[in-house]
Amino acid sequence: MNADLPTAIARDADLPTAIARDAALGERLDPPGRPASPFRRDPVVLLTGATGYLGGYLARELLAAGAHVWCPVRGPDAAARLRERLSTLGVPPDAARLTAIETNLTARQLGLPEKEYQRLCADVDVIVHCAASVNLAAGYDACHAANVMATLRVCQVASAHRAKPLHHISTLAVYFGARAAGRATIADGDPPHPADLPDLGYPATKLAAELLIDTAVRRGALPAGAVIHRIPMVPGDSRGRARVGDIATTAVAATALVGAVPRNTHGTPAILVDDAGTLISAIALSGPVFPPGPRPLALNHYQRRITQSDIALALDACGHPVTETDPAEWNRLLLRHARAQRRGTGALPPTRALAAMAGNILPYVIEETPEHALPDFDRTREHALRDTLGIPERPITPALLARITSAMLSFHRKP
């Protein structure tokens with residue numbers, strides 16, 4: 001049985017050293033006592049993060065495919081919050097194969113009593129780990145528990161009793177800094193380099209989690225295999241419903257207020273949330289499509305890159321014409337507008353919220369220089385998987401992007 005592990009790693013070293021230290025936690029995981037069970041059509045899937053944005057769509061797709069979906073949720077109102085979230089996606093509140101489990105993903109044995117934890121480890125067939133802290137402005141320490149320690153606890157479940165395949169949701173942001181380091185194109189299988197990363201907590205802790213899983217796979221603790229799904233910006237779904245309250249929504253609203261977009265070259269990779277949910281759930285339930293290998297299989301998912309020119313066209317279609325200007329001038333306009341906003345007791349106005357990130361994540365969001373852009377990605381492996389599984393991409397058309405943009409603006413117009 002896996003020994004209990006530390007609850008935190010102090011950030012008393014440079015970023016690559018801290019990442020390496022967290023990655024080494026995978027060495028403390030023991031191999032499971034039994035091999036994986038034969039593939040079945042109605043598996044029990046442990047899905048973390050089901051009350052979140054992508055996690056809700058994953059739950060919906062897994063249920064639609066016939067899986068039993070067990071969702072660890074924090075807090076005494078776990079079941080109510082889970083069903084409320086999924087009801088917005090059309091999942092009936094009495095869905096028979098949906099189970100909420102009150103847990104703490106960062107705690108020993110997920111905070112469950114011994115017998116409950118052992119039963120969970122014995123009964124789960126597949127794990128999809130989607131829970132994370134997606135605070136792009138937070139530091140390494142602030143993101144550590146949710147993004148590293150929770151991954152460690154999930155790996156313990158995957159390696160307890162019998163082997164279980166693990167699908168880990170990561171981010172393309174682990175490649176921030178790659179273009180500046182001379183890596184303009186990433187081939188399938190090319191790993192991110194910790195030394196390339198800027199000192200940003202979210203992508204750094206997500207990379208540490210990836211490397212922890214890699215360590216566990218290489219030492220035999222996850223013999224059923226692991227798949228790392230790196231997700232880009234997720235602006236909305238194929239019906240035009242936007243993801244609201246995140247940095248992309250804030251940036252679009254701020255751009256409309258400023259009246260200009262920062263001119264960029266490469267754009268930001270993006271995927272529709274329901275497309276990501278359909279693809280990842282199909283991969284997780286595909287069984288024999290993924291024979292385990294000596295290292296995790298990494299998939300870089302996205303559909304297209306969205307440039308600031310695309311945003312300008314979408315804003316124009318929403319009745320908010322904007323001009324294109326260079327990023328330095330755009331930053332000046334942003335700061336000028338932010339300073340003119342009065343302080344209040346409610347949510348920060350979009351320009352003030354975005355200006356607060358100027359020395360942090362903002363240069364990567366707006367592609368302040370070409371080196372701030374994410375690299376290009378070879379997607380041969382993902383295209384082959386889509387063909388194998390029969391899952392075509394849902395296109396992000398200009399008309400759809402305009403509907404999503406309109407929904408983002410409506411969110412910020414609410415009192």
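# Salt bridges, rings and packing

Me: Is R40 buried, exposed or partly exposed in this predicted model?
Reply: R40 has a relative accessible area of 34%. Buried means under 20% and exposed means over 50%, so with its 34% R40 counts as partly exposed.

Me: Which residue does the side chain of R40 meet in a salt bridge?
Reply: A salt bridge needs a Lys or Arg nitrogen within 4 Å of a carboxyl oxygen of Asp or Glu. For R40 the N to O distance is 3.2 Å. The partner is itself partly exposed, at 34% relative accessibility. That partner is D42.

Me: How many residues apart are D125 and R162, which meet in a salt bridge?
Reply: Their side chains meet at 3.0 Å, N to O. D125 sits in the loop between α4 and β4, while R162 sits in the loop between α5 and β5. The pair thus links distant parts of the chain, and the two residues are separated by 37 residues.

Me: Are D125 and R162 buried or exposed?
Reply: The cut-off to keep in mind is under 20% relative accessible area for buried. D125 falls in that class, and R162 does as well, making the answer for both buried.

Me: Which helix holds the residue that forms a salt bridge with R386?
Reply: The partner of R386 is D275, with the closest N and O atoms 2.5 Å apart. Both of these residues are buried. R386 belongs to helix α13 (residues 380-389), and the pair ties together parts 111 residues apart in sequence because D275 lies in helix α8.

Me: Which residues are linked with D275 and R386 in a network of salt bridges?
Reply: The structure holds 21 salt bridges, and the one between R386 and D275 is among them. The network also takes in three other names: R379, E382 and E393.

Me: Are helices α7 and α10 roughly parallel or roughly perpendicular to each other?
Reply: Helix α7 (residues 247-258) packs against helix α10 (residues 327-340) with the axes 10 Å apart and at an angle of about 85°. Angles of 65 to 115 degrees count as roughly perpendicular. The two helices are therefore roughly perpendicular.

Me: How many nonpolar residues does the contact of α7 with α10 have?
Reply: On the α7 side the contact is made by A254, T255, L257 and V258, and on the α10 side by W330, L333, L334 and H337. By class, no charged residues take part and 2 are polar. The nonpolar count is 6.

Me: Which residue forms an aromatic pair with Y175 and also with Y302?
Reply: The pair with Y175 is edge-to-face, 5.3 Å centre to centre, and the pair with Y302 is edge-to-face as well, at 6.1 Å. Ring pairs join these residues into a cluster. Y302 lies in the loop between β10 and β11 and its partner in strand β13, so this pair ties together parts that are 75 residues apart in sequence. The shared partner is F377.

Me: How many residues apart are Y175 and F377?
Reply: Y175 is in the loop between β5 and β6, whereas F377 is in strand β13. Both are buried. The separation along the chain is 202 residues.

Me: What is the relative accessibility of Q308?
Reply: Q308 lies in helix α9 (residues 308-317). Leaving out residues up to four places away in sequence, Q308 touches V261, P262, N264, V365 and I366. Q308 counts as buried because its relative accessibility is 11%.

Terms used
Residues numbered from 1 in each chain as written. Predicted model: local features only at pLDDT ≥ 70, side-chain atom pairs only at ≥ 80, totals over all residues. Heavy atoms only, no water. Buried < 20%, exposed > 50% of the residue type's maximum accessible area, 1.4 Å probe, protein only. Helix = DSSP H or I, 4+ residues; strand = E, 2+ residues; numbered from the N terminus. Axes fitted to C-alpha atoms, helices over the stretch in contact; angles between N-to-C directions. Parallel < 35°, antiparallel > 145°, perpendicular 65-115°, else oblique. Contact = heavy atoms within 4.5 Å. Nonpolar A, V, L, I, M, F, W, Y, C, P; charged D, E, K, R; others polar. Phe/Tyr/Trp six-rings, centres within 6.5 Å; stacked < 30°, edge-to-face > 60°.
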